[in-house]
Amino acid sequence: MARLRKVAPLAFVLLLAGCRLDMHVQPRQNPLAKSSFFPDQRSARPLVPGTVARGELHEDAYFYTGKLGSNPGDYMPFAITKADLERGRERFNIYCAPCHSRLGDGNGYIPSRGFPRKPPSFHIERLEKAPVGYIFDVITEGFGIMPDYASQIPARDRWLIVAYIRALQLSQHATVADAGGHAIPSPGPQFLTPGTGATLPEVKPAEAEHEDSK
C-alpha cells in the first residue's frame with residue numbers, strides 16, 4: 001500500500017503530461033485581428049466577388065421588391081389561395097391592425113390612444129388604385145413615420161398581407177351577390193347572456209337564431 005502511494009503521484013504527473021492543447025491552441029486568427037501576413041494588415045479577407053449568403057439569393061427581384069425597374073408593379077408574383085388569404089389576415093392583424101385597424105380604416109388602437117398621426121384609410125381612392133407593388137414596397141421599406149417590416153415579416157408573408165388588403169378594399173364595394181346572398185353588413189351575433197366583463201358572453205346557437213327569425 002505504501003508503495004502504491006508513492007507511485008500514484010508519479011502516474012498522475014505522467015497522465016497530465018499526456019494532455020496536450022493542440023486542438024485548442026490552433027494556428028488561426030481571431031475575427032478582426034491584426035495580421036502582418038497581408039498588406040492591408042487585416043486577418044479577415046474580403047469576400048469573393050459575387051458571393052451570396054446561404055438563403056439570400058434573391059434572383060426574382062420583383063418578389064423581393066415589388067418593383068419593375070424603379071416603378072411598382074401591379075400583379076401578384078404567385079397565385080393566391082383561400083389559405084393564403086387566411087395567412088394574410090392573420091399577419092395583417094398582428095402587424096398592421098394596431099395602427100390601421102382590422103378594417104383598414106386607420107382607426108386602430110394606437111391612434112385611438114393619442115398617437116399624433118393617424119394612418120390613412122386603405123379605402124380612399126388613392127390607395128384603392130395604388131399598384132400592389134407599391135403597398136408591398138411600403139411594408140418593406142417603410143413610409144413616413146411607419147417603420148419598415150422587412151426584418152420582421154418574410155417576403156412571402158408581405159405579399160399575403162398585400163393580398164388581404166386588396167380583399168379588404170374589395171369588401172367595401174361588395175354586393176349581396178358577391179357575398180353569396182348574405183346580408184351586407186352581416187348581422188351581429190345574438191347573445192343568450194351578455195357577459196359581465198369577468199365572464200364571457202354566451203352566443204346564441206345559429207339554429208336558435210334561425211328559429212327566432214321565422
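Contact here means heavy atoms within 4.5 Å. The model shown in these views is predicted.

**Figure 1. Surroundings of D137 in helix α7 of the predicted model.** Residue D137 belongs to helix α7, which spans residues 132–141. Beyond its neighbours within four places in sequence, D137 is in contact with T65, K67 and G142. D137 counts as buried because its relative accessible area is 18%, and the cut-off for buried is under 20%.

**Figure 2. The largest pocket and the residues nearest its centre.** The space in this pocket comes to about 630 Å³. Its lining is made up of 25 residues. Nearest the centre of the largest pocket lie H100, P119, P120, F143 and M146. Sorted by class, the lining has 20 nonpolar residues, along with 2 polar and 3 charged ones.

**Figure 3. Helices that contribute to the lining of the largest pocket.** Three helices, α4 (97–100), α6 (125–128) and α7 (132–141), each supply at least two of the lining residues. Helix α7 gives the most, with 4 residues. Helix α7 is also where D137 is found.

**Figure 4. The second largest pocket and its lining.** About 160 Å³ of space lies in this pocket. The residues that line the second largest pocket are Y164, A167, L168, S171 and Q172. By class, 3 of the lining residues are nonpolar and 2 are polar, with no charged residues.

**Figure 5. Helix α8, residues 155–171.** Helix α8 has 17 residues. From its first C-alpha to its last, helix α8 reaches 25 Å, close to the 24 Å expected at 1.5 Å a residue. Helix α8 is mostly covered, with 13 of its 17 residues buried.

**Figure 6. The whole chain, for orientation among the close-up views.** The chain has 214 residues, and 23% of them count as buried. It holds 9 helices and 4 strands, which follow the pattern α-α-β-β-α-α-α-α-α-α-β-β-α when read along the sequence. Among contacts in the chain with a separation of 6 or more, 44% are accounted for by residues 24 or more positions apart. The chain exposes about 16200 Å², and carbon and sulfur atoms supply 60% of this area.

Definitions and conventions
Residues are numbered from 1 along each chain as its sequence is written. This is a predicted model: local features need pLDDT of at least 70, side-chain atom pairs count only at pLDDT 80 or more; totals for chains, interfaces and linings use all residues. Side-chain values use heavy atoms; hydrogens and water are left out. On a 1 Å grid over the protein atoms alone, a cavity is a set of points where a 1.4 Å probe fits but cannot get out, and a pocket is an open set with protein on both sides within 12 Å along at least five of seven lines; lining residues have an atom within 4 Å of a point. Grid points are joined across faces, edges and corners, and a volume is the space filled by probe spheres set on the points. Ala, Val, Leu, Ile, Met, Phe, Trp, Tyr, Cys and Pro count as nonpolar, Asp, Glu, Lys and Arg as charged, and the others, Gly among them, as polar. The expected span of a helix is 1.5 Å times one less than its number of residues. Buried means under 20% relative accessible area, exposed over 50%, partly exposed in between (1.4 Å probe, protein chains only). Accessible areas come from the Shrake-Rupley method with a 1.4 Å probe; for residues, only the protein chains shown count as cover.
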